[in-house]
Amino acid sequence: MAAAKKLMSVRRDWRERDVRVVLAALIIAVATVATIALFASQLQRTLVSSASSFLAADRQLEAENGRPVPEPWVTEALERGLETGRMVEFSTMVFGTDAFQLVSIKAVSNEYPLRGELEIQGDSEGSRVQVQNGPAPGEVWINPRLLRLLDIQIGDTLEVGSRNLTVSGLLLREPDGGFSLSALAPRVMMHVDDVASTGVIQEGSRVEYVYLFAGDDAALEGYYQWLQPQLGPSHEWEGVRDGETFSRSLDRAESFLLLGGSLAVLLAAVAVAVASRQYALSQRDTVALLKTLGLGSSGIGQLYLKRLALWGVTGMIGGLLVAVPLFWLLTRLLSEALDRPVEFLLDSSALTPALLTALVSLFAFAYPPIRRLRNVPAMRVLRSQPGETGREALPDMLIAIVAVFGLVWLYAGELSLVIALLGGLALLLGALGVLGWLLVATLRKVRGGGHAWRLALVGLYRHRRASLSQIAVFAMTLMLATTLILVRTSLLDDWQAQLPDDAPNHFLINIAPDAVDEVAGYWEERGQPLDQLYPMVRGRLTELNGQPVKEVVSKDQRVGALNRELNLTWMPSLPADNSIVEGSWFEEGQKDGVSVEAELAGKLGLVLGDELTFTIGSDKVTETVTSIRTVQWDSMKPNFYMAFPPEGGLTNMPATWITSFHLPRDRKSELNEFSRRFPTVSLLEIDNVIERIQEIVRQVTQAIEAILVLILAAALVVMAAVVSATLQDRQREGALLRTLGGRQSLLVRSTMLEFALLGAFAGILGVAAAEAAVWALQFRMFEGAFSWHWQVVLPIPIISAVVLSLFGRWQLRPVLSVSPMLLLRRLE
Amino acid sequence: MQTINPDSQRPMLRVENLTHRVSLETDTLTILKGVSLEINRGESVAIVGRSGSGKTTLLGLLAGLDTPTEGNVELDGAVISQLSEDERAQLRAHRVGFVFQSFQLLPALTALENVMLPLELAGMEAPEKRARELLERVGLGERLVHTPRQLSGGEQQRVAIARAFASDPAILFADEPTGNLDNRTGQEISDLLMALNQEQGTTLVMVTHDEQLAARCARQFHIEAGELTEPVNERELAD
């Protein structure tokens, strides 16, 4: 079947413009989904391991009872192929030349850190270096402030208990130095083997033994399953997913990546649909002839089905060939942003959605018009038959809409996203209906003439069906691209707004009640007022409605807050960034009740009216839940799970005060003076943590930009598909106009005007629909307030008008460069 | 294909009371009104008439490209209106050849491949050998690998004629075969068509408004406003 085979060869197909558009759109769809899926899973791994470095491991086991854990626990981890490390944390006095200071010691084993890295400085003028180990035995690294506080230099000795250790470096950043408010006083880091010889740790000393574990998820999970039954109440197992801030950033980044991917797929699907309809139209003569020559409609169906299958395979292979280098590039970018190697790992499970996309686009968008080729009458060889009215394509459109929203739902996993897009599109189609009616009603009265704008208007009217479908496709393209730009902008603004330049970057902890006013006054005088000061009482949630909480809440729920002491507080008023979701805030003078953070309440299944019992030291306090409130965890301000009213259940409990404030980097040296003046106040420097969060925002931004490029490519393909739909008609008209004596300049001006009008209409509609979709998205997905985006939105119709009119000019090239006769003959 | 009965005594084509209407937006247009005719095996027949008289519609119905609103067409023993579309396609593949005014060659295929196509579709053996022979017979032995774009109008119609005879059809339908060609080329093409028709003993049904070409057929049917006027015997006219 040489001739018949040749009829369906892809190589020959490639010469046809419409087929090229279908294949390009398929390749883009597959490439986009594959790249995004690969990158999303890579980003997830990277961010998790970034977040892991906050623990200096994948998991931590803390023993707060001052005793090491049984040795077999560590042996078991090693046998399961996990990496392990060990830390001992305690506070003690250290002595310098002629000063002493309470410090917080972290003694680490050789393996520390299993994840992340430390930043140190060999001397106060030296450069910062990143290392993946702690100090050697006999040496210590210290917080730079200790140089002044103890009046020592690098190379001097530091007396820790009965040992003299050499100061060999300044500790600028430790991976796990961020979040724990129990960290007291400036840090000194030493080797764990030196601890015993200092003699500092005695029976009953307040010491925390921390064990670090790293390895693959399955091994870690297996180990935890083994370990869990043996854990006592003072043991706390911690994983990265407990860090609210990071899992939130991660979820948003993922949602956004998937949204971008879905939009690219929508665009590519539109391109596939338009181009394959065009292709089907161009095949009608061939089909009629094949029927005349004796090929039955089932034979025709098979012929084109095979061709579709070939396109599908080509699209999949092509898409993957594009995706892999693109993904490689993105991992390079990520690695650069993070300043550390990122593994280039092709996760085969990430490729399934890409292949599914190719199949769905092909069968929901390309197949229906091609399937209808079977119905082309053979009689067409003798006489042209009435074309399709568009009505028979209605069921196809329904199938296509269902398919595409199914795809979006599958990727984004967010029904609200699907509904927002569907709503935006419905609005767009409604507006188009009105516009179409207006076009027909007003333009009918315009008569052609020698003026370019009249010719343009007549042109719009004459091609009103094509004009409207072009406006529809361009408007849809613009809507999707604009939605993405808007969401990206507002997402980034959102993040930056969360971490303004003057976001608090230092915590003051352990402020004695009688020192509160003095501390606040100290910073007030220096122009750095403190944020709200909160009392802090350490206590454990032990009973829920009279039942021990560990019995009521199943272990599977693994609520971290139950495993450790909570910071309890009382507040006179609701902090500005908290909001009540159920119940009501304490009234003036109210003395009972407790307000619970919403997510914890959800995990514990708490409702208003539940009785909670807290154990604080040897006392028990029981209060009723009177409100549930949300908390802005990433605000870098003190946040509390449990808030009591002033003079409520916490009155007379031993409290210290906590606050946060912003201190510019160049004023950090002032902290020394503060520490000298208030030696008992602990200072927590979290500017490093903030830097890390901003780093993650930067990574995500770069990923988003890469995706915008893909979307743009998809939009260009859609444009090519749409323009190709009317190319021949327009060229023939242009040639006729020239034959009949029209001047070139008239032709150029009227065509450019016609396309500019098309572009402007499409731009206005697309932008309006995008605003509607973003409004819905913002509402549901990103929990932000909606505002108009004039600065982004206004230029889009203008740009679209200019670009389209240039496109129209470009399309005219063959009409202008060739003699009309030659052109008419060529187009016959 | 049980309805096909290649009984040589029966006429090749029998048409009874053929009526064809198309519905337009407002009313119905009757294109053919009660046409009846018989064409014998090996006969050559011209259908002549002015533009819009319904002759092309009649040709389409005779060849089974379309089905009539009323009446019967019996082609080589098969009642066309009783066949499914696929059965009609089968019938065309094995028994019918076509030549069109606008040639209708597939632009992507070479001359040779265009001629091979119906042979492949009919499942015949050695399609390439047969296609070569035919192209040589129509004088295009040197142009086998040229695509239609690289051929002149007359050459394209020769390819189309070779394709029409490729599957050894019992009946050949030609729609204005010289309509797109200049006089001299048209003359050459009609010579070739007639000669091949003679050689192969094919029944020929040709629609034309070229009086000269029509005169070369054994019989002529005149069609006017969808109705057949009496068949005219060309030979009688010539006498």
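Begin with chain B of this predicted model. Among its contacts between residues at least 6 apart in sequence, 69% join residues at least 24 apart. Displayed as a cartoon, chain B shows 8 helices and 11 strands. Of its 239 residues, 49% count as buried.

**Colour chain B by confidence**

Colouring by pLDDT gives an average of 86 for chain B, with 92% of the residues scoring at least 70. Among the elements of this chain, strand β7 (residues 171–175) has the highest mean pLDDT, 93, and helix α8 (residues 234–238) the lowest, 46. Next, select residues 1–5 of chain B: the pLDDT is below 50 there, and the stretch has 11 contacts in the model beyond near neighbours in sequence. Residues 234–239 of chain B also have a pLDDT below 50, with 6 contacts beyond near neighbours in sequence. Where pLDDT is low, the predicted coordinates should not be read in detail.

**Select helix α4 of chain B**

Now move to residues 127–137 of chain B, which form helix α4. Its buried residues are Pro127(B), Ala131(B), Leu134(B) and Leu135(B). They cover an arc of only 100 degrees around the axis, which puts them on the same side of α4(B). An α-helix has 3.6 residues a turn, so residues three or four places apart point the same way. To see what the buried residues of α4(B) pack against, add α3 (111–121) and α5 (153–166) of chain B to the selection. Following α4(B) is Gly139(B), whose phi is positive, near 85 degrees.

**Select helix α2 of chain B**

Residues 85–95 of chain B form helix α2, and 8 of these 11 residues are buried, so the helix is largely enclosed by the rest of the structure. The buried residues of α2(B) are Arg88(B), Ala89(B), Gln90(B), Leu91(B), Arg92(B), Ala93(B), His94(B) and Arg95(B). Which elements do the buried residues of α2(B) pack against? Within chain B they are β4 (70–75), β5 (78–79), β6 (96–99), α3 and β7, and these are joined by α9 of chain A.

**Cross to chain A**

Select next the residues at which the two chains meet: 23 residues of chain A are in contact with 25 residues of chain B. On the chain A side, the elements giving two or more residues are α1 (2–7), α9 (284–292) and α10 (297–338). Of these, α1(A) gives the most, with 5 residues. By class, this side of chain A has 13 nonpolar, 6 polar and 4 charged residues. For the complex, the predictor gives an ipTM of 0.84 and a pTM of 0.65.

**Finish in the nonpolar cores**

The largest nonpolar core has 191 residues, and those with the most contacts inside it are Ala25(A), Ala268(A) and Ala271(A). Helix α3 (residues 17–52) of chain A supplies the largest share of this core, 19 residues. Domain 1 (14–54 + 253–378 + 388–413) and domain 3 (427–503 + 687–828) of chain A both give residues to this core, so it lies between them.

Centre the view on Ala268(A). Leaving aside neighbours within four places in sequence, Ala268(A) is in contact with Ala25(A), Ile28(A), Ala29(A), Ser361(A), Ala714(A) and Val717(A). As a last selection, take Leu55(A), Ile120(A), Val200(A) and Ala214(A), which are among the residues of a second, separate core of 44 residues.

Note on methods: Residues are numbered from 1 along each chain as its sequence is written. Chains are lettered from A and ligands numbered from 1 in the order in which they are written. This is a predicted model: local features need pLDDT of at least 70, side-chain atom pairs count only at pLDDT 80 or more; totals for chains, interfaces and linings use all residues. Two residues are in contact if their C-beta atoms, placed from the backbone, lie within 7 Å. Helices (H or I, at least four residues) and strands (E, at least two) are DSSP runs, numbered from the N terminus. Ala, Val, Leu, Ile, Met, Phe, Trp, Tyr, Cys and Pro count as nonpolar, Asp, Glu, Lys and Arg as charged, and the others, Gly among them, as polar. A nonpolar core is a set of buried Ala, Val, Leu, Ile, Met, Phe, Trp, Tyr and Cys residues joined through C-beta atoms within 7 Å. A residue is buried if 20 or more other C-beta atoms lie within 10 Å of its own, exposed if 12 or fewer, and partly exposed in between; C-beta atoms are placed from the backbone. Domain bounds come from an automatic or database domain assignment. The arc is that of the directions from the helix axis to the C-beta atoms. pLDDT is the predictor's confidence in each residue, from 0 to 100.
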